[in-house]
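Here are my notes on this model, as numbered points. Please read them with the structure open.

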Amino acid sequence: MDPLYQEHILEHYKHPHNKGLMDGYDVKKKGENISCGDDLILYLKWKNDVLEDVSFEGFGCAISQSGASMLTDKVKGMTKGEISALTNKDMYELYGIQISAQREKCALLALSTLHSAISGK
Amino acid sequence: MIDSKNIRKDFPQLDGEGYHYLDAAASSLTPQSVLDTEIDYYTHSRANVHRGLFHEAVNATELYEGARRKVANFLHVSTEEVIFTSGATEASNMLIRMIEESVTHTEEQKELVTSVMEHHASIIPLQQFSFRKGVPLHVIPMRGVGLDYEKAEEIITDKTALVSVMLASNVTGGINDVRRIADIAHRHGAIMVVDATAAMGHIPVDVESLGCDALYFSGHKMLAPTGIGALWVKYELLEKLTPSIFGGHMISHVDEQTSAWASIPSRFEAGTKNISGAIGLGAAIDYLEKVGIENIRTHVEGLVAYAIAEISKIDGVKIVSDHNIANNVGIVSFSCDFAHPHDIAEILARDRVAVRQGHHCAIPLHTALGISSTTRASFHLYNTKVDIDALVVSLKKARVIFT
């Protein structure tokens, strides 16, 4: 087994969850990791304070794309406050492995895009 | 012919089996002779140049100016036309800023022209010139992986003041017919600038046959240390340029309010330059000339042909480099339908195959080709077919993991 490309990461990469354009979204947010050409668009649908639905589109490396798949699974049904409180450490826990400094930006792309979608920054 | 086995002994980073450095286009390896030259300066001639009267200072100045002569001979130009810079980026920024500030362009002739395949270090200074002065920047498109020369004929007109094109692409490896562009530019009275960075050390670079007015490059892609490069400007143009970087050494007189510039080229080398780097660049030129650019070219052509043939056999891999090996400076870039370049490079790195992934500081080129990024294998005189075999084995491994 590869130390980085673990089975669950590759599974999310090859068969991503919550992938595709969403009809009737409330928020659309684009994220970019210019150093390696990762590209991500998040679609969010809110019901009051709760994230009712979330999806993503994009292309990029296995780390960024599997991260978007795993994170969208995790945050569905969470409140704005709960999502805002998510940290980089929470993201690394989804991967379940040590992420090298070179791949940090890939691993954190989905979370940082989600946070800026909420903060509006 | 190159004796690879012996050549490899000259490069200390290649000491040991199973290491495959295929990233010359990002930065080439440095031979021991270059390192020795730098250490020798630091050990025996450590002093500033052009100033002291003591033995080491005189020695350092001789070494530094000797390196300038080597660069001049290498490019077939006059010594005073060579300016040491920190690399191509500083050279490009300086040159474009100086032309913007010093060369008077008329209202009828003020437009800028470059190409879509340029490195960011060339294109961004031109964009800034364009923003500041409110002059149009026109871009020559590509046809296939080369320049569209017919479009260049249309884009370069009597309104064009400056044309800047790279000699070889750092992504496709393709060599541009710079002479053809230069002739068009000169027909319309425009200044012709050439970024020779990717070509240096791979093909002979003779400014006269290229027909350009200014040319620049980095040392670290031609076996020299990092942090050194050079800018060549034709004397008639150089005379017109006011320096854009100011400080010590570049003046002949300073009073409270005004200053007068030193002679050429000193006025363009403010402060203490990278002395050991310049001396190292001279040593790198000695090394390249000892091996022979033509021999390096033949060797690298063989590697490109082999790499294209072997990589093409892998399903799902698309090569975006110039397939015409006679027109390629040793770069094979590709995209894989089974994985992103970042993941490819990660798997290759595990097998100690060193390549570069990403946009290679040429986003407009990638956009024009309709891809976001590529994986790039680039070769130099120290590479062998064994390196390419290792690359192919690793690529096949990546294909299994991500499919």
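1. Is Ala88(B) buried or exposed, and how many other C-beta atoms lie within 10 Å? This is a predicted model, so the reply is a reading of that model. Ala88(B) has 26 other C-beta atoms within 10 Å. The cut-off for buried is 20 or more. Ala88(B) is therefore buried.

2. Where does Ala88(B) sit? The residue belongs to helix H4 of chain B, residues 88–102. Leaving aside neighbours within four places in sequence, its contacts include Ala121(B), Asp195(B), Thr197(B) and Gly229(B). Tyr216(B), Phe217(B) and Ser218(B) are also in contact with Ala88(B). Tyr216(B) lies 128 residues away along the chain, yet its C-alpha atom is 5.8 Å from that of Ala88(B).

3. Asp195(B), one of those contacts, leads to strand S8 of chain B, residues 191–195. Five of the five residues of S8(B) are buried, so the strand is largely enclosed by the rest of the structure. Ile191(B), Val193(B) and Asp195(B) point one way from S8(B). Met192(B) and Val194(B) point the other way. Burial holds for both sets.

4. S8(B) has a parallel pairing with strand S7 of chain B, residues 160–166. Five bridges make up that pairing. Within it, Asp195(B) in S8(B) stands opposite Met166(B).

5. Helix H10 of chain B covers residues 275–291. Does its length hold up? At 1.5 Å a residue, its 17 residues should span 24 Å. The end C-alpha atoms are 25 Å apart, which agrees. H10(B) is mostly covered, with 13 of its 17 residues buried. Gly292(B) follows the helix with a positive phi, near 100°.

6. Now chain B as a whole. Its fold contains 14 helices and 17 strands. The radius of gyration is 22 Å, close to the 22 Å that the globule rule gives for 403 residues, so chain B is as compact as a globular protein of that length. The C-alpha trace spans about 70 × 55 × 35 Å along its principal axes. Of the 403 residues, 50% are buried. Among contacts in chain B with a separation of 6 or more, 69% join residues 24 or more positions apart.

7. Chain A offers an open sheet of three strands, in the order S1-S2-S3, with antiparallel pairing. Strands S1 (27–33) and S3 (50–59) of chain A stand at the edges. Each has a single partner strand, so one side of each is left without a neighbour in the sheet. From one strand to the next, the twist averages 20°.

8. Seven bridges join S1(A) to strand S2 of chain A, residues 38–47, in the antiparallel sense. One pair to check on screen is Lys30(A) and its bridge partner in S2(A), Ile41(A).

9. Two helices lie across this sheet. Helix H2 of chain A, residues 62–75, lies across S1, S2 and S3 of chain A and runs at about 170° to S3(A). Helix H5 of chain A, residues 104–119, lies across S1 and S2 of chain A and runs at about 150° to S1(A).

10. Last, the interface. Contacts link 12 residues of chain A with 12 residues of chain B. On the chain A side, the residues divide into seven nonpolar, three polar and two charged.

Methods: Residues numbered from 1 in each chain as written. Chains lettered and ligands numbered in written order. Predicted model: local features only at pLDDT ≥ 70, side-chain atom pairs only at ≥ 80, totals over all residues. Helix = DSSP H or I, 4+ residues; strand = E, 2+ residues; numbered from the N terminus. Expected span 1.5 Å × (residues − 1). Buried ≥ 20, exposed ≤ 12 C-beta atoms within 10 Å, placed from the backbone. Contact = placed C-beta atoms within 7 Å. Nonpolar A, V, L, I, M, F, W, Y, C, P; charged D, E, K, R; others polar. Pairing = 2+ DSSP bridges. Axes fitted to C-alpha atoms, helices over the stretch in contact; angles between N-to-C directions. Rg over C-alpha atoms; globule rule 2.2 N^0.38 Å.
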